[in-house]
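Subject: Handing over the structure

Hi,

Here is the structure I promised to pass on to you. Please have it open while you read, and my notes follow below.

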Amino acid sequence: MKAVVLHEIDNLDSLTDDEVPAPTIGRDELLVQAHTQAVDPVDYKIAAGMLGSETPLILGSTVAGVIAVGEAVTDFKVGDRIAAQVRSGANYAEQVAVPTHFAAIIPANVSYVDAVSVVLGGQTALQAINRGLHVSAGQKVLIHGGSGAVGYVAVQLAIAAGAEVATTASGWGAEMLRQQFPNVQVFDYRADDFTTILHDFDGVLDTVGADQVLADSYKILKPSGKLASVVARQSDDSRFVRLINKPEGVNLQVLFSKLADGTLRTVIDSTLPLNAENVRMAYAKIKAGGLHGKLVFTD
């Protein structure tokens, strides 16, 4: 099968389009004939060596497509459309092996592109809003990086929960958020000081991780509030909650249901054929901060 292979860590010039053996699946696994793969910031970090230096390496953290099933699989059937997050799962390939507990069925009215675009960031956002901050109606929540993959879904989930929502962004992202969510307070982090306006907030979701962002966020929190971060590793403040994304098919199914009924939207930067040249280009755009929404590879 065809795959995009990295032959040297931290060297995107070593990416090549190769023929590699197709994966074999266990009795309780799925074999996905890939239709789409999303580009996520963690993929660029893995290419740079975040998980070690072993090569050759097939990158990618998410996949969506149609499946064959292992002989012990009962929750899925041959031909189902699914999506999943499988870190280090060799996702930039024509076929991908997926453990069943990572996968969720894509509703008929949801495209592969939209489904795969929320697989990683969407799951992180869902866990942050529901498990990290326990957002409920009437609460006040600040979401840093509201135009990013995690923040954009988190804004929508917090609104759906009945919270009063504020967010930070800049440039294109800030304008997009103002247009789509007129009831959300949008602060341009390059020009606005949210600490002079916001107060007594119940929760803050940090997708940025800068020390100043954390310090400023604590200023607007209630003594009983929580600051959940998907990037900062620790804080001396007792209100800090460190979040680690734990992929689960049940989380994805919740997100896909919201896509299907229109209560969750996506923003797609572009779609490109999966090949080594386009992976290099996509990672360069991530490094430069040049993506406006999700970039998705297609078959």
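Let me begin with the second largest pocket, which has a volume of about 240 Å³. Please keep in mind throughout that this is a predicted model. The lining of this pocket is made up of 18 residues, and those nearest its centre are Lys2, Ala93, Glu94, Leu274 and Asp299. If you look for the elements that give two or more residues to the lining, you will find β1 (2–6), β2 (15–19) and β3 (29–38). The largest share is that of β3, with five residues. Sorted by class, the lining of the second largest pocket holds seven nonpolar, six polar and five charged residues.

Next, helix α4

A good place to go from there is α4, which covers residues 149–160. This helix has twelve residues, and the distance from its first C-alpha to its last is 17 Å, close to the 16 Å expected at 1.5 Å a residue. Why can α4 be called largely enclosed by the rest of the structure? The reason is that nine of its twelve residues are buried. Those buried residues are Val150, Gly151, Tyr152, Val153, Ala154, Val155, Gln156, Leu157 and Ala158. As for what they pack against, the list includes two strands that you can pick out by number, β9 (140–144) and β10 (164–169). Also on it are the helices α3 (119–132), α5 (171–180) and α7 (249–261), together with strand β12 (201–206). After α4 comes Gly162, with a positive phi near 90 degrees.

One residue of this helix is worth a visit of its own: Gln156, which lies in α4. Is Gln156 buried or exposed? Its relative accessibility is 5%, and because buried means under 20%, Gln156 counts as buried. Its side chain reaches two backbone atoms. One is the backbone oxygen of Tyr152, at 3.2 Å, and the other is the backbone nitrogen of Arg265, at 2.7 Å. Leaving out residues up to four places away in sequence, Gln156 touches Phe181, Thr263, Leu264 and Arg265. Arg265 therefore appears twice for Gln156, as a residue that it touches and as the owner of a backbone nitrogen that its side chain reaches, with Gln156 itself buried at 5% relative accessibility.

A buried lysine, and helix α6

Lys294 sits in strand β16 (residues 294–298). With a relative accessibility of 6%, Lys294 counts as buried. Which side chain does that of Lys294 meet in a polar contact of 2.5 Å? The partner is Asp40. Setting aside residues up to four places away in sequence, Lys294 touches Ala38, Val39, Asp40, Ser117, Ala149, Val267, Ile268, Asp269 and Ser270.

Helix α6 (residues 211–220) has buried residues too, namely Val213, Leu214, Asp216, Ser217, Tyr218 and Ile220. They pack against β9, β12, β13 (221–229) and β14 (240–242).

Some spots in the loops

The loop between β6 (81–85) and β7 (95–99) holds Arg87. This arginine is partly exposed, at 40% relative accessibility. Beyond its neighbours within four places in sequence, Arg87 is in contact with Val42, Ile46, Met50, Leu51 and Ser61. Take Ile46 from that list: Arg87 and Ile46 are 41 residues apart in sequence, while their C-alpha atoms are 9.4 Å apart in space.

In the loop between α1 (41–47) and β4 (57–58) you will come to Pro56. The peptide bond that leads from Thr55 to Pro56 is cis, with omega near 0 degrees.

Two aspartates are also worth a look for their backbone angles. Asp10, in the loop between β1 and β2, has a phi near 60 degrees, which is a positive value in a residue other than glycine. Asp10 is exposed, with a relative accessible area of 58%. Asp200, in the loop between β11 (185–188) and β12, has a phi near 55 degrees, again a positive value in a residue other than glycine. Asp200 is partly exposed, its relative accessible area being 42%.

Happy exploring, and write back with any questions.

Best wishes

Notes
Residues are numbered from 1 along each chain as its sequence is written. This is a predicted model: local features need pLDDT of at least 70, side-chain atom pairs count only at pLDDT 80 or more; totals for chains, interfaces and linings use all residues. Side-chain values use heavy atoms; hydrogens and water are left out. Helices (H or I, at least four residues) and strands (E, at least two) are DSSP runs, numbered from the N terminus. Buried means under 20% relative accessible area, exposed over 50%, partly exposed in between (1.4 Å probe, protein chains only). A polar contact is a pair of N or O atoms within 3.5 Å; within protein, one must be able to donate a hydrogen and the other to accept it, and residues adjacent in sequence count only if both atoms are side-chain atoms. Contact means heavy atoms within 4.5 Å. The expected span of a helix is 1.5 Å times one less than its number of residues. On a 1 Å grid over the protein atoms alone, a cavity is a set of points where a 1.4 Å probe fits but cannot get out, and a pocket is an open set with protein on both sides within 12 Å along at least five of seven lines; lining residues have an atom within 4 Å of a point. Grid points are joined across faces, edges and corners, and a volume is the space filled by probe spheres set on the points. Ala, Val, Leu, Ile, Met, Phe, Trp, Tyr, Cys and Pro count as nonpolar, Asp, Glu, Lys and Arg as charged, and the others, Gly among them, as polar.
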